Amino acid sequence: MVYRVLILQISFSVTAYEGDYRDHLYGLLHLSAIDWLVGNIMMLGISKVRMGIAVGILYIALHRTSRHWWIWVAGIGVVVIGIS
């Protein structure tokens, strides 16, 4: 979760240029900068909730399995990555 916030902060200027400024330049986006920013913050919030659920499921799998925990964690990881 911290990783996603860190990546968002690092890549904000490039994302703002690609996703807002350039699209306005070509007439492809009709949102204001504030609306675009709110949309990105909402996507970050949804991502944090999804990752929290995924980590919770992984923790339950680790807690309930003893010998073959790595199989369950790998399987759940593949499913989570596939859904993302």
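Two residues are in contact when heavy atoms of theirs lie within 4.5 Å. With that in hand, here is a tour of this predicted model, one view at a time.

**View 1. The whole chain is built from four helices and zero strands.** Reading from the N terminus, the order of elements is α-α-α-α. The radius of gyration is 18 Å, well over the 12 Å that the globule rule gives for 84 residues, so the protein chain is more spread out than a compact globule. Its C-alpha trace spans about 55 × 20 × 20 Å along the principal axes. Taking contacts with a separation of 6 or more, 39% are accounted for by residues 24 or more positions apart.

**View 2. The surface of the chain has an accessible area of about 6900 Å².** Carbon and sulfur atoms hold 72% of that surface. On the other side of the ledger, 13% of the 84 residues count as buried.

**View 3. Helix α3 runs from residue 33 to residue 64.** What does this helix pack against with its buried residues? The partners are α1 (2-10), α2 and α4 (69-83). The buried residues of α3 are Trp36, Asn40, Leu44, Ser47, Ala54 and Ala61. From first C-alpha to last, the 32 residues of α3 reach 47 Å, close to the 46 Å expected at 1.5 Å a residue.

**View 4. Arginine 4 sits in helix α1.** Which residues does arginine 4 touch, leaving aside its neighbours within four places in sequence? They are Leu44 and Ser47, and both of these belong to the buried set of α3. Arginine 4 itself has 34% relative accessibility and therefore counts as partly exposed, as that class lies between the 20% limit for buried and the 50% limit for exposed. For a sense of scale, glycine 19 is 15 residues away from arginine 4 along the chain, and their C-alpha atoms are separated by 18 Å.

**View 5. A nonpolar patch on the surface is formed by Tyr17, Tyr21, Leu25, Tyr26 and Leu28.** Together these five residues offer about 630 Å² of accessible area. Look for tyrosine 17 in helix α2, which covers residues 12-25. Its relative accessible area is 43%, so tyrosine 17 is partly exposed.

**View 6. Methionine 51 is a residue of helix α3.** Is methionine 51 buried or partly exposed? With a relative accessible area of 38%, methionine 51 is partly exposed. Valine 80 makes a handy reference point here: methionine 51 and valine 80 are 29 residues apart in sequence, yet 8.9 Å apart in space, C-alpha to C-alpha.

**View 7. Isoleucine 76 belongs to helix α4.** The relative accessible area of isoleucine 76 is 17%, so this residue is buried, given that buried means under 20%. Beyond its neighbours within four places in sequence, isoleucine 76 is in contact with Ile57, Leu58 and Ala61. Of these partners, Ala61 is one of the buried residues of α3. Valine 55 lies 21 residues from isoleucine 76 in sequence, and the C-alpha atoms of the two are 9.9 Å apart.

Technical notes
Residues are numbered from 1 along each chain as its sequence is written. This is a predicted model: local features need pLDDT of at least 70, side-chain atom pairs count only at pLDDT 80 or more; totals for chains, interfaces and linings use all residues. Side-chain values use heavy atoms; hydrogens and water are left out. Patches are made of residues with over 30% relative accessible area and no salt bridge: like charges are joined within 9 Å, nonpolar side chains (Val, Leu, Ile, Met, Phe, Trp, Tyr) within 5 Å. Accessible areas come from the Shrake-Rupley method with a 1.4 Å probe; for residues, only the protein chains shown count as cover. A salt bridge is a side-chain nitrogen of Lys or Arg within 4 Å of a carboxyl oxygen of Asp or Glu. Helices (H or I, at least four residues) and strands (E, at least two) are DSSP runs, numbered from the N terminus. Buried means under 20% relative accessible area, exposed over 50%, partly exposed in between (1.4 Å probe, protein chains only). The radius of gyration is taken over C-alpha atoms; the globule rule is 2.2 Å times the number of residues to the power 0.38. The expected span of a helix is 1.5 Å times one less than its number of residues.
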